[in-house]
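Biologist: I am new to this structure and would love a close look at a single part of it, the sheet and what is tied to it. Could you walk me through it slowly?

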Amino acid sequence: HLTEVPLDSVYSGVMSLHGLCTLVFLAELNGLETWATDIGNAYLEAETKERVYIIAGAEFGDLEGQTLVIFKALYGLWSSGLRWHECFADCLQDMGFTPSKAEPDIWMHPNGNASYEYIGVYVDDLAIVARDPGEIIDTLKNKHGFKLKGTGPITFHLGMDFFRDANGVLCIAARKYVEKMIATYVQHFGSKPSQKFS
């Protein structure tokens with residue numbers, strides 16, 4: 001994430017874990033809300049630039065034997081990741097966001113109060129830091145037609161749990177991941193691992 005994207009790259013960019021932590025810190029520092037959402041069927045929102053076609057099989061019914069041109073960036077095509085990245089970048093620019101110079105998959109927009117709003121992009125998973133994240137969500141859904149799921153205040157994102165401790169401090173931990181590891185351990189060995197304290 002710290003190098004220039006090669007011109008022949010076919011992947012969608014991602015923000016780093018450090019970038020996500022920085023976004024959460026900025027949200028807490030500036031009294032902003034942090035929401036998370038996932039764009040459903042993201043690649044299908046972009047169009048492919050390759051010439052791709054198939055000969056329809058029996059599963060296509062009356063279309064069997066016909067040549068069908070694929071114009072959506074299907075999962076599995078060589079450059080679908082890049083096409084999705086370009087498509088979503090165009091949407092963010094239309095919304096007034098610009099990529100951060102420190103990390104190009106963190107997008108910034110001045111909110112008029114001497115601070116910024118941010119969208120951190122990890123392929124199709126978004127971390128939104130704003131005074132009113134719902135407004136950004138509405139724009140993504142209503143203006144750009146994205147189907148969003150898991151939308152709301154951040155509680156789980158990119159494999160990490162987000163929660164507030166007894167003092168109200170926002171914390172990040174891999175609780176679900178650890179619980180899954182313990183469950184796998186129990187499945188293999190029949191009991192939980194022993195706890196040893198030094």
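Modeller: Happily! Let us begin with one pair of residues: Trp 107 has Ile 119 in β6 as its bridge partner. Please keep in mind that the model is predicted. The strands behind this pair are β5, which covers residues 106-110, and β6, which covers residues 116-122. They run antiparallel and are joined by 5 bridges.

Now step back to the sheet. It is open and built of 6 strands, in the order β4-β5-β6-β7-β1-β8, with antiparallel pairing. At its edges are β4 (98-99) and β8, each of which pairs on one side only. As a general point, side chains in a regular strand alternate between the two faces of the sheet.

A helix lies across this sheet as well. Helix α1, made of residues 17-30, lies across β1, β5, β6 and β7. Its direction is at about 25° to that of β7 (125-130).

Next, follow the charged side chains. Over the whole structure, a search finds 7 salt bridges. One of them starts at the edge strand β8: Lys 149 forms a salt bridge with Asp 38, and their closest N and O atoms are 3.9 Å apart. Because Lys 149 belongs to β8 (residues 148-153) and Asp 38 to β1 (residues 33-39), this salt bridge ties together parts that are 111 residues apart in sequence. Lys 149 itself is partly exposed, at a relative accessible area of 47%.

Just before β8 you will find another such link. Here Lys 147 forms a salt bridge with Glu 45, with the closest N and O atoms 4.0 Å apart. Lys 147 sits in the loop between α3 (133-143) and β8, while Glu 45 sits in the loop between β1 and β2 (47-55), so the two tie together parts 102 residues apart in sequence. How much of each partner is accessible? For Lys 147 the relative accessible area is 54%, which makes this residue exposed. Glu 45 has a value of 22% and is partly exposed.

From here, let us look beyond that sheet, to a hairpin. Strands β10 and β11 form this hairpin with 5 residues between them, and Gly 168 in the turn has a positive phi of about 85°. The two strands pair in the antiparallel sense over 4 bridges, with β11 covering residues 170-173. If you want a landmark, find Arg 164, which stands opposite Leu 170 in β11.

The hairpin also has a salt bridge to follow. Asp 161 forms one with Lys 176, the closest N and O atoms being 3.2 Å apart. This pair links distant parts of the chain, since Asp 161 is in strand β10 (residues 160-164) and Lys 176 is in helix α4 (residues 175-189), 15 residues apart. Is Asp 161 buried or exposed? Its relative accessibility is 8%, so Asp 161 counts as buried. Lys 176, by contrast, is partly exposed, with a relative accessible area of 45%.

Salt bridges can share partners too: Lys 49, Arg 83 and Glu 86 are joined into one network in this way.

Finally, stay with helix α4, where Tyr 177 lies. Tyr 177 counts as exposed, at 51% relative accessibility. Together with Val 178, Met 181 and Ile 182, Tyr 177 makes a nonpolar surface patch of about 370 Å².

Technical notes:
Residues are numbered from 1 along each chain as its sequence is written. This is a predicted model: local features need pLDDT of at least 70, side-chain atom pairs count only at pLDDT 80 or more; totals for chains, interfaces and linings use all residues. Side-chain values use heavy atoms; hydrogens and water are left out. Buried means under 20% relative accessible area, exposed over 50%, partly exposed in between (1.4 Å probe, protein chains only). Patches are made of residues with over 30% relative accessible area and no salt bridge: like charges are joined within 9 Å, nonpolar side chains (Val, Leu, Ile, Met, Phe, Trp, Tyr) within 5 Å. Accessible areas come from the Shrake-Rupley method with a 1.4 Å probe; for residues, only the protein chains shown count as cover. Two strands pair if DSSP finds at least two bridges between them. Contact means heavy atoms within 4.5 Å. Axes are lines fitted to C-alpha atoms, for helices over the stretch in contact, and angles run from 0 to 180 degrees between N-to-C directions.
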